[in-house]
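Work through the exercises below with the sequence and the model open side by side, and try each task before reading its solution.

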Amino acid sequence: MDCIFCKIIEGSIPSKKVLENDHVVAFHDITPQAPVHILIIPKKHIATMNDLQAEDASLMGEIHLAAQQIAREMGIADSGYRLINNCGKDSGQVVFHLHYHLLGGEPLGALIGPKA
């Protein structure tokens with residue numbers, strides 16, 4: 001499999017991890033869009049949100065609890081943060097391994113800007 005996130009999980013590509021447990025890994029985005037920009041991914045390869053199965057329900061809970069923990073540890077839980085999942089090409093998904101962007105650390109602008 002030629003998935004960059006799977007390679008980060010296995011350790012063949014370095015990352016600046018902020019959390020890792022049996023099911024989830026979180027690390028700093030290499031092109032941050034906010035002062036805090038963390039990617040949260042399941043260790044299980046799931047291409048998109050559309051590929052989730054019923055047996056992945058507890059994994060999704062773990063991802064959201066990880067986001068909550070990271071926001072607290074990064075000092076943005078009280079001021080606010082955004083948790084984004086892009087699903088599919090038209091949403092802007094570039095890496096086809098389910099992932100969430102945790103963004104914060106400053107007032108965030110509109111979720112979607114004007115169309116070009």
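## Exercise 1: the aromatic pair

In this predicted model there is 1 aromatic pair, where rings of Phe, Tyr and Trp (its six-membered ring) pair if their centres lie within 6.5 Å, and planes under 30 degrees apart count as stacked, over 60 as edge-to-face and the rest as tilted. Residues are numbered from 1 along each chain as its sequence is written, and hydrogens and water are left out, side-chain values resting on heavy atoms. Because the model is predicted, local features need pLDDT of at least 70 and side-chain atom pairs count only at pLDDT 80 or more, whereas totals for chains, interfaces and linings use all residues.

Task: classify the geometry of the rings of F5 and F27, and place both residues in the chain.

Solution. The ring centres of F5 and F27 are 5.7 Å apart and the planes stand at 75 degrees, so the pair is edge-to-face. F5 belongs to helix α1 (residues 4-10) and F27 to strand β2, 22 residues apart, so that the pair links distant parts of the chain (helices, H or I, of at least four residues and strands, E, of at least two are DSSP runs, numbered from the N terminus). F5 is buried at a relative accessible area of 6%, and F27 is buried at 3%, where buried means under 20%, exposed over 50% and partly exposed in between, with a 1.4 Å probe and protein chains only.

## Exercise 2: the sheet and its helix

Task: give the order of the strands in the open sheet, and describe how helix α2 packs on the sheet.

Solution. The 5 strands follow the order β1-β2-β3-β5-β4 with antiparallel pairing, two strands being paired if DSSP finds at least two bridges between them. The edge strands, each pairing on one side only, are β1 (17-20) and β4 (81-84). Helix α2 (residues 57-73) touches β1, β2 (24-28), β3, β4 and β5, and its direction makes about 155 degrees with that of β3; contact means heavy atoms within 4.5 Å, and axes are lines fitted to C-alpha atoms, for helices over the stretch in contact, with angles from 0 to 180 degrees between N-to-C directions.

## Exercise 3: the annotated histidine

Task: is H99 buried or exposed, and which residues does H99 contact?

Solution. The unreviewed UniProt entry annotates H99 as "active site", and such annotations may be inferred rather than shown by experiment. H99 lies in the loop between β4 and β5 and counts as buried, at 7% relative accessibility. Leaving aside neighbours within four places in sequence, H99 is in contact with F5, L39, I40, I41, I84, N85 and Q93.
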